[in-house]
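Let's take a walk through this fold together, going from the strands to the cores and then to the residues flagged in a database record. Keep the viewer open as you read.

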Amino acid sequence: MAAAPLVGVLALQGDVPEHLRALTASGARATAVRRPGELAALDGLVLPGGESTTISRLAALFGLTEPLRARIAEGLPVYGTCAGMILLADRILDPRAGQETFGGIDMTVRRNAFGRQNESFEASVPVTGVDGPPVDGVFIRAPWVESAGSATEVLATYGGHPVAVRQGNALATSFHPELTGDHRLHGHFTELVRAAA
């Protein structure tokens, strides 16, 4: 791909500006996405951290749920952080009533697995495929992967639980790399998008 890839950030709720900045710093053309018609032009998509139940409800309200599921199923490269990891899971262990996901990764996640807001923490996390020192992971009401299918590659663990996974063009982390100023994971995803194109 000669031009910088166009990577959207689902901009319904959550830490959208931080992802836009990290993607731009990683060589992508970053854009906020709020409407189904904006999905067709994308080379990749980020599902940000925030509140997974709120994002799923707003996606349904804006008519985005089925178009998102379709694009992800077609192989659109997608990266979910924290709430985004929950939205990419095929199964949620402890969903709220009516909570839906977009799917894309054969895994079961546990919401708020590392504790509530006041139990947030940072930790060094070595991530397979990311060169250099461990990534500084910011865990805020973070999920973990309870179980994963054979096609899902575990890229990182913390406390014995998977916190970064990949299946095909879908990447997910329990933590928030966009909050640290370390853009290596966004760079890794941008290269995944380039390779898929």
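Which residue of β9 does M107 stand opposite? Find M107 and look across: the residue facing it in β9 is A148. One thing to keep in mind before going on is that this is a predicted model.

That pair sits where β6, residues 105-110, meets β9, and the two strands run antiparallel with 4 bridges joining them. Zoom out a little and you'll see an open sheet of 3 strands in the order β5-β6-β9, with mixed pairing. The edges are β5 (89-92) and β9 (144-148), each of which pairs on one side only. From one strand to the next, the twist averages 40 degrees. As background, strands in a sheet are held together by backbone hydrogen bonds and can pair parallel or antiparallel.

While you're on β6, have a look at T108, which is also in that strand. Is T108 buried or exposed? T108 has a relative accessibility of 10%, under the 20% cut-off, so it counts as buried. Leaving out residues up to four places away in sequence, T108 touches R91, I92 and L93, and also W144, V145, E146 and S147.

Now for another pairing. β1 (6-10) and β2, residues 29-33, line up in the parallel sense over 5 bridges. L6 is a handy landmark here, since R29 in β2 stands opposite it. β1 is mostly covered, with 5 of its 5 residues buried. Follow β1 along and you'll find L6, G8 and L10 pointing one way while V7 and V9 point the other, all of them buried.

L10 and M107 turn up again in the largest nonpolar core, which has 30 residues. Along with L47, F102 and V109, they are the residues with the most contacts inside that core. Several elements give two or more residues to it, including β1, β3 (44-47), α2 (52-61), α3 (65-73) and β12 (170-173). Which element gives the most? That's α4, with 5 residues.

L47 is a good spot from which to look around this core. Setting aside neighbours within four places in sequence, L47 is in contact with L10 and F102, and also with V78, Y79, G80, T81, G84, L87 and L88. Apart from this core lies another one, of 27 residues, and A113, F114, V127 and V193 are among them.

Next come the residues from the record. Which residues does UniProt list for "active site"? The entry, which is unreviewed, gives C82, H176 and E178. They are spread over 97 residues of sequence, yet they cluster in space, with a largest C-alpha distance of 11.0 Å.

Start with C82, in the loop between β4 (78-81) and α4. C82 counts as buried because its relative accessibility is 4%. Not counting neighbours within four places in sequence, its contacts include G49, I140, R141, A142 and P143, as well as T173, S174, F175 and H176. So one of the contacts of C82 is H176, which the UniProt entry lists too.

E178 sits in the loop between β12 and α5 (184-196). At 5% relative accessibility, E178 is buried as well. Beyond its sequence neighbours up to four places away, E178 touches D15, E18, H19, T81 and H186. With H19 there is also a side-chain polar contact, at 3.5 Å.

S174 is in the loop between β12 and α5. Its relative accessibility is 0%, so S174 counts as buried. A polar atom of the S174 side chain lies 2.8 Å from the backbone oxygen of P143. Apart from neighbours within four places in sequence, S174 is in contact with C82, M85, F139, A142, P143, W144, P162 and V163.

One last stop: T128, in the loop between β7 (121-125) and β8 (135-139). T128 counts as partly exposed because its relative accessibility is 45%. T128 and A156 are 28 residues apart in sequence, but 6.6 Å apart from C-alpha to C-alpha. Outside its neighbours up to four places away in sequence, T128 touches E153 and L155.

Methods
Residues are numbered from 1 along each chain as its sequence is written. This is a predicted model: local features need pLDDT of at least 70, side-chain atom pairs count only at pLDDT 80 or more; totals for chains, interfaces and linings use all residues. Side-chain values use heavy atoms; hydrogens and water are left out. Two strands pair if DSSP finds at least two bridges between them. Axes are lines fitted to C-alpha atoms, for helices over the stretch in contact, and angles run from 0 to 180 degrees between N-to-C directions. A nonpolar core is a set of buried Ala, Val, Leu, Ile, Met, Phe, Trp, Tyr and Cys residues joined through side-chain atoms within 4.5 Å. Buried means under 20% relative accessible area, exposed over 50%, partly exposed in between (1.4 Å probe, protein chains only). Contact means heavy atoms within 4.5 Å. UniProt positions are given in the numbering used here, feature names are shortened, and annotations may be inferred rather than shown by experiment. A polar contact is a pair of N or O atoms within 3.5 Å; within protein, one must be able to donate a hydrogen and the other to accept it, and residues adjacent in sequence count only if both atoms are side-chain atoms.
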